[in-house]
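Biologist: Can you walk me through this one? I'd like to start inside and work outwards.

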Amino acid sequence: YPPGTARAPVLQWAEFMPSDLTCQGDQTASSRGRLLLTQNNKYMRAHTLYVLKVQVINPQTTSAVPEEWHVQSYEDLTVNNIIDESYITGFVVNTAVQFFAYLKPESTNALVKQRLDFNMSFPETVAIGDQIQIVAPVSYLFSDPGDRRCPQYVFLDGAMTKTIPTCSANIISWHLMDESIPALSPVRFMVQVQNPPRTPTINLFQVRQVDMNGTRKSSRMLEGYEIVPELASPVITQDPSSLPCRIDVNLVTGLACEGTGSFASAVITFTATRSAELVSIQAKVGDASYDFTNARFGVGIDGPIVVTGRSQTMVVIEMMVHNGVGAEIAIHNIQNPMTPGQSTWAVTTYIKGPVPGAAVTTTLMPLVTCTEIGGVCGSFPSPEARRDEGLNLLGPVVLGYIRVDQNSFIEPIYYGVSNALVTFELRGETQADVNDVLVIRRPPGYTMTEGTLRALRSVSFGENGLDFLRKWSTDFANPEDFYAVLTQPVPALSTIRFQLGVASPVLAEKVMNWYFKTWRVQPLLDEDGALLDASMPEYPWLGREITATGTSDGAFLGFLLVGQVPFSVVPSLQTPGAEIKLTINLGVADGVEAQESVRMEVLAPDGFVFADSCRYGGSPIFSKCTGFQNQATLVTARPRLRGSDITVDLRVRNPGLTPTPNYFYLSLFQDESTQYVRWSQYLSYEIMGMGVVYKGNNQLAEEASGYFTFTPVRPSPAAVVYIVVTPPPGAGFRVLCTGISPLGFIFMPNCESGAVNEPLSLRFNNASLEAGKAYTVGVRVLNPGGRPSADSNYWGISLQDHTRATFDANLRIPGLELKSIPITCNGTGWTNSDPRVLTIVLIQIRVLHEIPSGTLQRFVVRAPEGIMFNEDPAKVSVLPKPLPLRLAIPTQVAGDLLSLYLDEQAPLEVGTYNIRFEVSNPTVYPHDNTWSIFAMKDITVEFVHVMTGYYEGQVSPFDINIAVQSQTSGAARSNAMPLFVMLCVLLLNCVPHLS
């Protein structure tokens, strides 16, 4: 039929659908009928042969002579103006066979071989010598060519048990020689029949009974079943997809999507043998079906293709196809099955509307209208409405999908790098075998380097290199493909990792995706399929067939390359936690252009905090700077940024310690784009905090003095110095202004404290600090009732100038491991604080609950620097209640340490213990003038308490001779001891205020 607008006029006389004709008989039974062409402007053209098929009822009487049929045509329904007239010879009417039928066939498709189940009975006895013949319509076949046997013939029931039939083409015959068939006796059998290519013009099965003289005794005609012809010249080809292959990778590659689970496109071409109005499409690999839920179609020859029914396994479209006219259907967004292999397709054409004789459902369900959005919708035509059908049509091969992991990367990420390295992680959904070939296709602009392939994980390679012999490539000078032969199997779903040297593109390319495919070199076979050679030849595998087994479908976005923006970072201070000026110098010699402005983002290492308004001073280049945590965003005043020496100063607070990783990152963006066009990194500076040591009481819920000894890295800018003490975050410490110990600072500072977990601030009005010199200051600390986390048990101390700007700090000072042991220290006393004299010192401890034997090993007293212990053991005593010391060497002096060794077999009883010893005072008292007492088990400190020492001229808070007298007074004065202890405690509570 002609295409386009010329087709419709031809179809008016050349094609007749069931709805185009009306067949009428008389109201009462008669031998006259009418065929009306009154629908859809249909007509019969002159000098054209038409075949009319009419169903009639034969007369009740037999006739040995055929009678004539009278046919007339008229211009209109008035039947006044005759056009044509003819007489046609009819057929002989004989006695009807009593019963003749066959069961519904399994398939009505063309050329299908199947068994038909026949049943027949005759009005009279079929005598010995008679013949029974069943004549199928022309082009049905009961036998194979050159063979008169009847394939798969099975006699099922009746009297014809001895007679074996013969078959020839469309006739099956029985010649009764040893038996007869009684009248009205049913006979049932099955025999193979091959369907014809199309429905015969005269589609009637005939059974006839013939006597030995050839006279027909009875017969009956039976309507044959309609054959669904095969489509002519069906071809299914893979088509490059105009949509993304994978739902998780938003990338249109323009390549065929061949992988399992990918969304593919296909083109179906065929020629119909009969006109139809609907086309259905199905496809599968083995038992796994394609998913048509989201199928889309292009524009057909008659306009947009409309979907009338869609399920997961099938889609039906409305499309006029005509006898002998080629048709083409482009289908998109169908999901490949998860099973790799050869696909088979089924394409069927249908007519619309009810089919005469077909079952009609009595339940009408509301239909979901089909739209382009996808999903199950519409309705599906009945099998009786089929016009043509192509089954098991070979389609594209589905390959195992190879997923490229997003952990794949290129290093460095810049354009124009000749020695870059790409690292790929691949995961195949099917197994790759030894000697399979992995082929890597690069994007435009890249160059892959021979000899740089390196297996990193779960894979090993043998022969590999660039495809110079152009097995897949087209560019000899710079082949697009790199091949590598596997030397070990790669199981399905396992991840492999490898590395390849490349030269990155000089300029940005539109296509950036990499493509991976696996191939299998087939063994060498002879013409009969016998194996000749199964060994693996060398590249390019001449004379061998290679077949694809896996593909990535190009569904990998590739690597984002950027231009460099060299920059440096210079801080005004490297002090932890300090608010500083950060100077950034960058160069953009070739410039970055934008529509409105260029945006520069500076990402500092974790721990840095940019000010909200982060520009430090003015800038002619940047109009504003916005800071948020460790990121600063600067916007240019003009729509360009160009220069080889651009400097900008930013406000930022240093972290408490050197971060890891410690890199600054600088990115340039055009306008509001989220994709940077330039990017570089720069190694940050080291955070240099002053050395600080914290010591104090290590008992849970205990309030005592804590001391910080710090050595500034830089001197104080002025005499006014603020010292800010920050407790471990969220640990429950509270730092108090009561009990401040200025020590070497001499004068008491102004103090401001807060609640739990809040810092304390000390202001010294005349405390010029020198770099490299150690200083100690004490504050009152209330330990929490629970142990702080080891990860956060760090104190912080910051030194600030008169403007409260930090000039030195350490925010990572290890705290003490808090414990709980029933010991308290009530303080210390002395006899003389003058320099260079001998003096007696007393440290009083109290045991609140008995401590079991073996819990502690020794007590250790540490003196301030410069104070020397008297090494005479007789100068060490414990009054009035002695400690249970061991007999052998109970005490020992080692430099500034005095150790008292306990008897580990004896418990430590409840009571007050005054540890008395003699020391030599120094000429000059140290800045860190603190005494410490430790209770230890091996090297573990179970208890520690630190106290402020005495200075020249300072009077002891109590007279330690009272303790001496109590030792000699005996039991008579023992009742006075509780009063003495209470007095000592009261006096010692005042020590911090007196110091």
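Modeller: We'll go through the cores, then one arginine, then a surface patch. Keep in mind that this is a predicted model.

Biologist: OK, how many residues are in the largest nonpolar core?

Modeller: The largest nonpolar core has 34 residues. Those with the most contacts inside it are I410, F424, L426, I440, F498 and W514.

Biologist: Which elements give two or more residues to this core?

Modeller: They are β27 (400-404), β29 (420-428), β30 (437-441), β33 (461-466), β34 (481-486) and β35 (495-503). Another core lies apart from it, with 33 residues. I843, V878, L900 and F943 are among them.

Biologist: New topic. Where is R678?

Modeller: R678 is in strand β48, which covers residues 678-683.

Biologist: Is R678 buried or exposed?

Modeller: R678 counts as buried because its relative accessible area is 12%, and the cut-off for buried is under 20%.

Biologist: And what does the side chain of R678 reach?

Modeller: It reaches the backbone oxygen of Q564 at 3.4 Å. The side chain of R678 also makes a polar contact of 2.8 Å with the side chain of D590. Leaving aside neighbours within four places in sequence, R678 is in contact with residues including V562, V588, G591 and L668.

Biologist: Now the outside. Which residues make the nonpolar surface patch?

Modeller: L21, L35, M44, L52, V54, V56, W69, V71, I88 and F91 make a patch of about 880 Å².

Biologist: Where does L21 lie?

Modeller: L21 is in the loop between α1 (7-14) and β1 (22-25). L21 is partly exposed, with a relative accessible area of 32%.

Key: Residues are numbered from 1 along each chain as its sequence is written. This is a predicted model: local features need pLDDT of at least 70, side-chain atom pairs count only at pLDDT 80 or more; totals for chains, interfaces and linings use all residues. Side-chain values use heavy atoms; hydrogens and water are left out. Patches are made of residues with over 30% relative accessible area and no salt bridge: like charges are joined within 9 Å, nonpolar side chains (Val, Leu, Ile, Met, Phe, Trp, Tyr) within 5 Å. Accessible areas come from the Shrake-Rupley method with a 1.4 Å probe; for residues, only the protein chains shown count as cover. A salt bridge is a side-chain nitrogen of Lys or Arg within 4 Å of a carboxyl oxygen of Asp or Glu. Helices (H or I, at least four residues) and strands (E, at least two) are DSSP runs, numbered from the N terminus. Buried means under 20% relative accessible area, exposed over 50%, partly exposed in between (1.4 Å probe, protein chains only). A polar contact is a pair of N or O atoms within 3.5 Å; within protein, one must be able to donate a hydrogen and the other to accept it, and residues adjacent in sequence count only if both atoms are side-chain atoms. Contact means heavy atoms within 4.5 Å. A nonpolar core is a set of buried Ala, Val, Leu, Ile, Met, Phe, Trp, Tyr and Cys residues joined through side-chain atoms within 4.5 Å.
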